[in-house]
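This report examines the fold of a single protein chain. Please consult the sequence and coordinates displayed below while reading.

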Amino acid sequence: MKNIDKNGILTGLFVLLILAMSTMGLLRRCNTPQPSRLTERYHHPGGDTLAVAIEMSPLTYNFAHGDSAAGFDYEIISDFAADRGIPVTFRPVTRLDHAFQGLYDGEYDIVVAAMPATGALKKVFPLTDAVYLDKQVLVQRRDSDGTHTHISSQEQLRGDTVWVAEGSPAMTRLRNISFELGDSIHVRGGGDRSAEHLGIMVALGEIRHAVVGEAVARRLADDYPNLDVETPISFNQFQTWAVALSDSTLLRSINEWLDAFKKTERYRRLCDEYLD
């Protein structure tokens, strides 16, 4: 594995990236492989094969239909590879920090996940044009029994603890809110737990609050009616994919293809199925 400092990208910058990135047996919609398998070292297959690190979530990549893979981003990147005649292999991940380390080390060609085009991320990796719009929302249990204080605004998070997936852009957003409020918001990373897993832990009463992308949160709320996902944590943000540092040809090809694809009926159907 290459040393990040050796190539001029300091460890502190990489940590900043992790904090700024969009971005399981409990999972009902998504049969996720065990975390130990997800963190094993992956090796690029070589040749013309497109190696994709893809986030496990009900929106991005899942197995909601038995053994058949599905997901908004999965279907789009699969269509791209098919249209370009490129073989593709997928590596499911739950931690975006691991995926980005692999992208830097040449294990992957692209990271596909629900992640906003933040300024910090743009400084480290080339980003594609927007794939769709999304925002971060607070996931909490509905206050039906009076045992939980319902959070309806960001100001009410003063002194509270909020869980986020490792590498989630919500980490930076929550710290910014804490600074603006002049009070502490205790941000806890989820370790190997995905954003979806954290949302389910809220539904089961194991943790009180988590921040998740709205598209994922609303799909979780379909399965867990006791979840409230109506409190926004961020504004709408362009969701993008990240490409390997040296692969400007791939970046250009994806952007040209996305520009045309987003005007098609196929894209509109996928938006209706996964985002509405």
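The text that follows treats the chain as a whole, then a sheet, then selected helices.

**Overall composition**

The coordinates belong to a predicted model. Its chain contains ten helices and twelve strands. Of the 276 residues in the chain, 55% are buried. The accessible surface amounts to about 12300 Å², and carbon and sulfur atoms account for 47% of that area.

**The five-stranded sheet**

An open sheet of mixed pairing is built from five strands, arranged in the order S4-S1-S5-S12-S6. Strands S4 and S6 (132-134) occupy its edges; each has a single partner strand, so one side of each lacks a neighbour in the sheet. On average, and with direction ignored, neighbouring strands of this sheet are turned by 35 degrees against each other. In general, the strands of a sheet pair through backbone hydrogen bonds, in either a parallel or an antiparallel sense.

Three of the strand pairings are set out in the table, each with a pair of residues that stand opposite one another.

| Strand pair | Sense | Bridges | Opposite residues |
|---|---|---|---|
| S1 and S4 (residues 88-93) | parallel | six bridges | Ala53 and Arg91 |
| S1 and S5 (residues 110-116) | parallel | three bridges | Val52 and Ile110 |
| S6 and S12 (residues 237-243) | antiparallel | three bridges | Asp134 and Gln237 |

Strand S1 merits separate attention. How many residues of strand S1 (residues 50-55) are buried? Six of the six are, so S1 is largely enclosed by the rest of the structure. The burial applies to both directions in which its residues point: Leu50, Val52 and Ile54 point one way, Ala51, Ala53 and Glu55 point the other way, and all of them are buried. In the sheet order, S1 is placed between S4 and S5. It is joined to S4 by six bridges and to S5 by three.

**Helix H4**

Helix H4 (residues 96-104) is mostly covered, with eight of its nine residues buried. The buried residues of H4 are Leu96, Asp97, Ala99, Phe100, Gln101, Gly102, Leu103 and Tyr104. Gly106, which follows H4, has a positive phi, near 85 degrees.

**Packing of H3 against H10**

The axes of helix H3 (residues 72-84) and helix H10 (residues 265-274) come within 10 Å and cross at roughly 165 degrees. Angles over 145 degrees count as roughly antiparallel, and H3 and H10 are therefore roughly antiparallel to each other. The crossing of H3 past H10 is right-handed. On the H3 side the contact is made by Phe72, Glu75, Ile76 and Asp79, and on the H10 side by Arg266, Tyr267, Leu270, Cys271 and Tyr274. As a general point, an α-helix has 3.6 residues a turn, so residues three or four places apart point the same way.

**Ile177 in helix H6**

Is Ile177 buried or exposed? Ile177 is found in helix H6 (residues 170-181). Its relative accessibility is 1%, and because buried means under 20%, Ile177 counts as buried. When neighbours within four places in sequence are left aside, Ile177 is in contact with Gln154, Ile185 and Ile233. Ile177 and Arg158 are 19 residues apart in sequence, and their C-alpha atoms are 9.4 Å apart in space.

Note on methods. Residues numbered from 1 in each chain as written. Predicted model: local features only at pLDDT ≥ 70, side-chain atom pairs only at ≥ 80, totals over all residues. Heavy atoms only, no water. Helix = DSSP H or I, 4+ residues; strand = E, 2+ residues; numbered from the N terminus. Buried < 20%, exposed > 50% of the residue type's maximum accessible area, 1.4 Å probe, protein only. Areas by Shrake-Rupley, 256 points an atom, 1.4 Å probe, with all protein chains shown as cover. Pairing = 2+ DSSP bridges. Contact = heavy atoms within 4.5 Å. Axes fitted to C-alpha atoms, helices over the stretch in contact; angles between N-to-C directions. Parallel < 35°, antiparallel > 145°, perpendicular 65-115°, else oblique. Left-handed = near helix turned anticlockwise from the far one by under 90°.
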